[in-house]
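Please look over the sequence and the structure together before reading on. The paragraphs below lead from one residue outward to the elements around it.

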Amino acid sequence: MFVARGVLWFGGWATISSNTLTPPKMGKAKTTRAISVKRMINPRDQRLKKNQKPPKTDKEKAKEAGLVREIPQISSSLFFQFNQSLTPPYSVIVDTNFINQSIQNKLELVQAMMDCLYAKCIPCITDCVMAELEKLGSKYRIALRVARDPRFERLPCTHKGTYADDCIIARIMQHKCYIVATNDKELKARIRKIPGIPIMYVANHKYAIERLPDSIT
């Protein structure tokens, strides 16, 4: 008598007889070919010598530590509460923007300055500002005519270039006897960082003064 039993094989069910044991058919194992990949270092890798930062100098280390080695010299005119160099007649440095704003508001520069400060004023114009007005062409010919007024004091420039803002900042850093007349926001922000320098500007069809102590006027 033939007896067949079902036995669980790893690949399925197999039939066992009294004479033979037949394993189930198994699929062929898939073989993959090994591919060799050459690894490349990123050219920006910090391990490369050319990407490594040079060692910091003592000056750079001191700067990072917040140590102050040099302190800018403060003008002796700022010893008291206000700038002692600002006395009538006031020397007022004007820039291109201020002259154009004065023309647009129909203000006569010298008279409007005297109405603002209640004292004699001497408008001053640098060579850089004159060069700027000359470069602007015929559109600003009225402003150029105003700048050539004989009542204006001409301040010669010895530096290279014709960038007026840097010229004005360098002059007021060296000499604290000037008032700066401008409506340029960037220039006003730079002047506010310098102590003792008042700013004149055009507002409401007249001149206004900023940072001038009441003790002087």
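Which residues does Thr-126 touch, if residues up to four places away in sequence are not counted? The model in front of you is a predicted one, and in it Thr-126 touches Arg-154, Leu-155, Cys-157, Cys-167 and Arg-171. Thr-126 lies in strand β5, and one of the residues it touches, Leu-155, stands opposite Thr-126 in strand β6. With a relative accessible area of 0%, Thr-126 counts as buried, because anything under 20% is given that name. The strand around Thr-126 shows a similar picture, since 5 of the 6 residues of β5 are buried, and β5 is therefore largely enclosed by the rest of the structure.

With this one strand in mind, we can turn to the whole chain. The chain has 217 residues, of which 32% count as buried, and it contains 7 helices and 9 strands. If we take the contacts between residues at least 6 apart in sequence, 55% of them join residues that are at least 24 apart.

How are the strands of the sheet ordered? The sheet is an open one of 6 strands, in the order β6-β5-β4-β7-β8-β9, and its pairing is mixed. The strands β6, which covers residues 153–155, and β9 stand at the edges with a single partner strand each, so each of them has one side left without a neighbour in the sheet. From one strand to the next, the twist averages 35°. Strand β5, made of residues 121–126, runs parallel to β6 and is joined to β6 by 3 bridges. Strands β4 and β5 also pair in the parallel sense, over 4 bridges, and there Ser-91 stands opposite Ile-122 in β5.

At the edge strand β9, which spans residues 206–210, we find Ile-209. Is Ile-209 buried or partly exposed? Its relative accessible area is 27%, so Ile-209 is partly exposed, a class that lies between the limits of 20% and 50%. Leaving aside residues up to four places away in sequence, Ile-209 touches Cys-116, Leu-117, Ile-179, Pro-198, Ile-199, Met-200 and Tyr-201. One of these residues is Pro-198, which is 11 residues from Ile-209 along the chain, with 6.9 Å separating the C-alpha atoms of the two.

Helices pack on this sheet as well. Helix α2 touches β4 (90–94), β5, β7 (178–181), β8 (199–203) and β9, and the direction of α2 makes about 30° with that of β8. Within α2, which runs over residues 96–104, the buried residues are Thr-96, Phe-98, Ile-99, Asn-100 and Ser-102. It may help to recall that an α-helix has 3.6 residues a turn, so residues three or four places apart point the same way. After α2 comes Lys-106, whose phi is positive, near 55°. Another helix, α7, formed by residues 185–192, lies across β7, β8 and β9 and runs at about 150° to β8.

Helix α7 in turn has a helix as its partner. The axes of α7 and of helix α6, which consists of residues 164–174, come within 11 Å and cross at roughly 20°. Angles under 35 degrees count as roughly parallel, and α6 and α7 are therefore roughly parallel to each other. The crossing in which α6 passes α7 is right-handed. On the side of α6, the residues that meet α7 are Asp-165, Asp-166, Ile-168, Ile-169 and Ile-172, while α7 brings Leu-187, Arg-190 and Ile-191. The residues of this contact divide into 5 nonpolar, no polar and 3 charged.

Asp-165, found in helix α6, gives a last example from this contact. Which residues does Asp-165 touch, not counting those up to four places away in sequence? They are Asp-184, Leu-187 and Arg-190, and two of these, Leu-187 and Arg-190, belong to the part of α7 that meets α6. Asp-165 is buried, with a relative accessible area of 10%. Asp-165 and Thr-96 are 69 residues apart in sequence, and in space they are 10.0 Å apart, C-alpha to C-alpha. Thr-96 is one of the buried residues of α2, the helix that packs on the sheet.

Conventions: Residues numbered from 1 in each chain as written. Predicted model: local features only at pLDDT ≥ 70, side-chain atom pairs only at ≥ 80, totals over all residues. Heavy atoms only, no water. Buried < 20%, exposed > 50% of the residue type's maximum accessible area, 1.4 Å probe, protein only. Helix = DSSP H or I, 4+ residues; strand = E, 2+ residues; numbered from the N terminus. Contact = heavy atoms within 4.5 Å. Pairing = 2+ DSSP bridges. Axes fitted to C-alpha atoms, helices over the stretch in contact; angles between N-to-C directions. Parallel < 35°, antiparallel > 145°, perpendicular 65-115°, else oblique. Left-handed = near helix turned anticlockwise from the far one by under 90°. Nonpolar A, V, L, I, M, F, W, Y, C, P; charged D, E, K, R; others polar.
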